[in-house]
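Grab a pencil: here are a few exercises on charged side chains that pair up. Try each one on the structure before reading the solution.

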Amino acid sequence: AKMLVEHLLPGEAASEARARILAAGEGNPFFIRELCAAQLRGAEAPTSILAAIEERILRVSEEARRVLRAVALLREPSPEEAIGALVPGLSRGDVSARLDELVRAELIENDVRARVLHRPKSALVADAAYAMIPDDDRRHAHRVAGLRLRDDGAEPSPRAQHIGWSI
């Protein structure tokens, strides 16, 4: 943890900040990185890992947050078309551009084994984004996702069954 902080905050002037970040970060590399980023931006340090993720989510565009909520709802690696089906009002090109924005913000990652699939960068990102979905939107999105999975002939996974139960 100390080496990570020294790498992210070099120089003697940052020694007090490094000590504060090491104590607050409690050895969690993700949280340490977020604390260092806040220090470099001159922003207030997040108080928890979840607060750091929520702050990162709020830094992307509103359209990107809508796409992220769809990715979080699906959880499993999903094609762009399935994600786009959960984000009404955005064209395929807009969804693609927002997915790229989310990759650059390190909120999602691409799985390119057979074709490009998108998934949350971590369970924490998925949980934070999912928690931001209003209840009415969540029910509607689960319904749309469940119908899409059914129509696509998807194998029932625990997640797909959960979504199907919301129909």
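A salt bridge here is a side-chain nitrogen of Lys or Arg within 4 Å of a carboxyl oxygen of Asp or Glu. Keep in mind that this is a predicted model. By this rule the count comes to 15 salt bridges.

**Exercise 1.** Work out which helices Arg-92 and Glu-80 sit in, and say whether each residue is buried or exposed.

*Solution.* Start with the distance: the closest N and O atoms of Arg-92 and Glu-80 are 3.7 Å apart, and the two form a salt bridge. Next, place them: Arg-92 is in helix H7 (residues 92-104) and Glu-80 in helix H6 (residues 80-85), so the pair links distant parts of the chain, 12 residues apart. Finally, check accessibility. Arg-92 comes out at 58%, so it counts as exposed, while Glu-80, at 17%, counts as buried.

**Exercise 2.** Find out how many residues separate Glu-16 and Arg-20, and which helix holds them.

*Solution.* First, their side chains meet in a salt bridge at 3.9 Å, N to O. Both residues belong to helix H2 (residues 15-25) and lie 4 residues apart, about one turn of the helix. Glu-16 is exposed at 61% relative accessible area; Arg-20 is partly exposed at 46%.

**Exercise 3.** Describe what the bridge between Arg-119 and Glu-109 ties together.

*Solution.* The N to O distance in this salt bridge is 2.9 Å. Arg-119 lies in strand E2 (residues 117-120) and Glu-109 in strand E1 (residues 108-111), so the pair ties together parts 10 residues apart in sequence. Arg-119 is partly exposed at 23%, and Glu-109 is partly exposed at 24%.

Definitions and conventions
Residues are numbered from 1 along each chain as its sequence is written. This is a predicted model: local features need pLDDT of at least 70, side-chain atom pairs count only at pLDDT 80 or more; totals for chains, interfaces and linings use all residues. Side-chain values use heavy atoms; hydrogens and water are left out. Helices (H or I, at least four residues) and strands (E, at least two) are DSSP runs, numbered from the N terminus. Buried means under 20% relative accessible area, exposed over 50%, partly exposed in between (1.4 Å probe, protein chains only).
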